[in-house]
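Trainee: Hi, have you got a minute to go through a structure with me?
Mentor: Sure, put it up and we'll talk it over.
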Amino acid sequence: MAKNDLQGALDLLVLKSIAQLGSMHGYGIVMHIERVSDELLTVEEGSLYPALHRMEQNGWVRAEWRVTEASRRAKYYSLTAAGRKQLATRVKNWEQVVKGVQAIMRFA
Amino acid sequence: MGLFRRIWALGNRTALRRDNRDELREHMQMRIDANMARGMSTEDAQREARRRFGNPVVMRERVDAEDAALGLASLFRDARYAVRGFLKSPGFALVAILALALGIGANTAIFELLDAVRMRSLPVQGPQELAEVHIAGGNRGFGITDGPYTQFTIPMWQEVRRNHEPFSSIFAWRATDVLAGRMTDAKRIHGLEVSGEFFNVLGVAPWQGRLIEPQDEAGCEISKVVASYPYWRSQLGGQPLRPTRLQ
């Protein structure tokens, strides 16, 4: 059975966003998720940063300080090989969850 | 990651915290910039950013807590996990521990043996046959002495040399510092003044040239020298030496 919860969904969103952007800082990730989801999804900073740091400890992302286009210092996150593998598993899990939920919805 | 990152993180806790604070502050600042770009007043922009961000202290603590997973607590957890693993398969654990113990023990034993036999003994022929002759109770300022540690005066040494029966041969030496080199280039080096039999008795072979022999023994002046291998390598350039007069 696919293991998933809200936390898992957040990890998936963040990992996928970083994969799409190549490397990005926390604010950029928040903006990206809002923009791409047409503001249907909002990621709160209060969940994003702990998640990012946990992923860094797990070795899924690596972080480095760089200067933004607006010449601010920001910590940029990018995926590691382990992170890409993790993303693939999460995507597969998510698809199963969606399939499962849809099956339930259709039944009703 | 693992152990080294944990130890590194221990010493860098403050740096990590500062890093997190900077990261969150920059984020807030970017939000404020974006708000102002949308036409908000500075004050509104700040208020909106703060509202979205929530309590910055709580936030910082939560981020720090994620990094604290690098702490020793998780190291301890790992150790407990390992012990539990060993307890689950005691046979494997026993074999592993025995293999390590034997490996380390055997290496230590071999090294100790080698150390005693090869490294500790003097690099001379028959080091176990060497003995030092002292005056029982010391010299007590007897005769003409030229140093606090002098054991024998020259006449006493000459007497011992003539009657060295228990020993197959005998030599005398005196530790002394000598100046080598000309004038201001002179360097103080550790030396031994030795009697002519020194190298013959010890059975030392020269690396190059020849050693001091009984016929080289002269009066008071130092007429012949032998350079030690390390001195030759480090101070004389390690080049083949031509006989020259000692400066």
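Mentor: Let's go through the fold, one helix and the chain contact, keeping in mind that this is a predicted model.

Trainee: Okay, how many helices and strands are there in chain A?
Mentor: Chain A has four helices and three strands. Along the sequence they run in the pattern α-β-α-α-β-β-α.

Trainee: And what percentage of chain A is buried?
Mentor: Of the 108 residues in chain A, 28% are buried.

Trainee: Which residues are buried in α2(A)?
Mentor: Those are A:Gly26, A:Tyr27, A:Ile29, A:Val30 and A:Ile33.

Trainee: Where do they sit around the helix?
Mentor: Looking down the axis of α2(A), the buried residues fall within an arc of 165 degrees, so they line one face of the helix.

Trainee: What about the stretch just after α2(A)?
Mentor: Look at A:Asp38 there, which takes a positive phi of about 55 degrees.

Trainee: Switching topic: how many residues does each chain give to the contact?
Mentor: Chain A gives 15 residues and chain B gives 19 residues.

Trainee: Which elements of chain A supply at least two residues each?
Mentor: On the side that touches chain B, those are α2 (26-36), α3 (45-57) and β3 (73-79). The largest share comes from α3(A), with seven residues.

Trainee: What's that side like by class?
Mentor: On chain A, the side touching chain B has five nonpolar, five polar and five charged residues.

Technical notes:
Residues are numbered from 1 along each chain as its sequence is written. Chains are lettered from A and ligands numbered from 1 in the order in which they are written. This is a predicted model: local features need pLDDT of at least 70, side-chain atom pairs count only at pLDDT 80 or more; totals for chains, interfaces and linings use all residues. Two residues are in contact if their C-beta atoms, placed from the backbone, lie within 7 Å. Ala, Val, Leu, Ile, Met, Phe, Trp, Tyr, Cys and Pro count as nonpolar, Asp, Glu, Lys and Arg as charged, and the others, Gly among them, as polar. A residue is buried if 20 or more other C-beta atoms lie within 10 Å of its own, exposed if 12 or fewer, and partly exposed in between; C-beta atoms are placed from the backbone. The arc is that of the directions from the helix axis to the C-beta atoms.
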